[in-house]
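Please work through the exercises below with the sequence and the structure side by side, trying each task before reading its solution.

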Amino acid sequence: MKKVLFISSTGGHFNELRKLEELFDFFDTTLVVEKQRQKPNLVKKEYALPYGTRKYKIRYCAIFLLMVLKSCYIFARENPEVIVTTGSHTAVPMCYLGWLFKRKVIFLESIARVRTKSLTGILIEHKCDIILVQWESMLTVYDKAQYVGRIL
């Protein structure tokens, strides 16, 4: 079975990732999300990254560094063949690791993005093998975009 790591932040990004939940059974799946009040318990292998918001810049820098270190640990331990993300800052280090070690990186842009790239999209666009968009208008925004329609 192919080893696939699914990663996102909490909130809307995690809700979009959960819409891919039916795929989890087809792979040796690892789930990585920001620390939440309750652990999702969607798959056998789950990891939590520290929650961080850019609102408090100095604190966020420390949390982001911890996130990078923990992402390195998870990547080394799980050795995924594919990384799938719905984004936010939480996924950026893991996507760079995937690119660095020549793994397939798939980014599903948020349904909230109709005409412009997200910050995550800007940061990881050139590290991704596939960028999936949920609006046809986004096909002109990303070079490697593939339209998949709304993820239900």
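**Exercise 1.** Locate Ser-118 in the predicted model, decide whether Ser-118 is buried or exposed, and list which residues Ser-118 is in contact with beyond its neighbours within four places in sequence.

*Solution.* Begin with the place in the chain: Ser-118 sits in the loop that runs between strand 5 (104–108) and helix 4 (119–124). Next, take the relative accessible area, which is 10% for Ser-118; because buried means under 20%, Ser-118 counts as buried. Finally, set aside the neighbours within four places in sequence, and the contacts of Ser-118 that remain are Phe-107, Glu-109, Arg-113 and Tyr-142.

**Exercise 2.** Classify the aromatic pair formed by Tyr-60 and Phe-64, and state for each of the two residues whether it is buried, partly exposed or exposed.

*Solution.* The structure holds 3 aromatic pairs. One of them joins Tyr-60 and Phe-64, with 5.9 Å from centre to centre and 35° between the planes. Planes under 30 degrees apart would count as stacked and those over 60 as edge-to-face, so the pair of Tyr-60 and Phe-64 is tilted. Both residues belong to helix 2 (residues 57–78), where they are 4 residues apart, about one turn of the helix. For the accessibility step, Tyr-60 has a relative value of 12% and is therefore buried, whereas Phe-64, with a relative accessible area of 26%, is partly exposed.

**Exercise 3.** Describe the order of the elements in the protein chain, and decide whether its radius of gyration agrees with that of a compact globule.

*Solution.* Start with the count, which gives 4 helices and 7 strands; read from the N terminus, they follow the order β-α-β-β-α-β-α-β-α-β-β. For the second part, a compact globule of 152 residues would have a radius of gyration near 15 Å, and because the protein chain has 15 Å, the two agree. The C-alpha trace spans about 40 × 35 × 30 Å along its principal axes. As for contacts with a separation of 6 or more, 50% of them are between residues 24 or more positions apart.

**Exercise 4.** What share of the residues counts as buried, what do carbon and sulfur atoms supply of the exposed area, and how far apart are the mean positions of the positive and negative charges?

*Solution.* Of the 152 residues in the protein chain, 47% count as buried. Turning to the surface, the protein chain exposes about 8,700 Å², of which carbon and sulfur atoms supply 56%. Last, the chain carries 24 positive and 14 negative charges, and their mean positions lie 7 Å apart.

Note on methods: Residues numbered from 1 in each chain as written. Predicted model: local features only at pLDDT ≥ 70, side-chain atom pairs only at ≥ 80, totals over all residues. Heavy atoms only, no water. Helix = DSSP H or I, 4+ residues; strand = E, 2+ residues; numbered from the N terminus. Rg over C-alpha atoms; globule rule 2.2 N^0.38 Å. Buried < 20%, exposed > 50% of the residue type's maximum accessible area, 1.4 Å probe, protein only. Contact = heavy atoms within 4.5 Å. Areas by Shrake-Rupley, 256 points an atom, 1.4 Å probe, with all protein chains shown as cover. Lys, Arg positive; Asp, Glu negative; His and termini not counted. Charge placed at Lys NZ, Arg CZ, Asp CG, Glu CD. Phe/Tyr/Trp six-rings, centres within 6.5 Å; stacked < 30°, edge-to-face > 60°.
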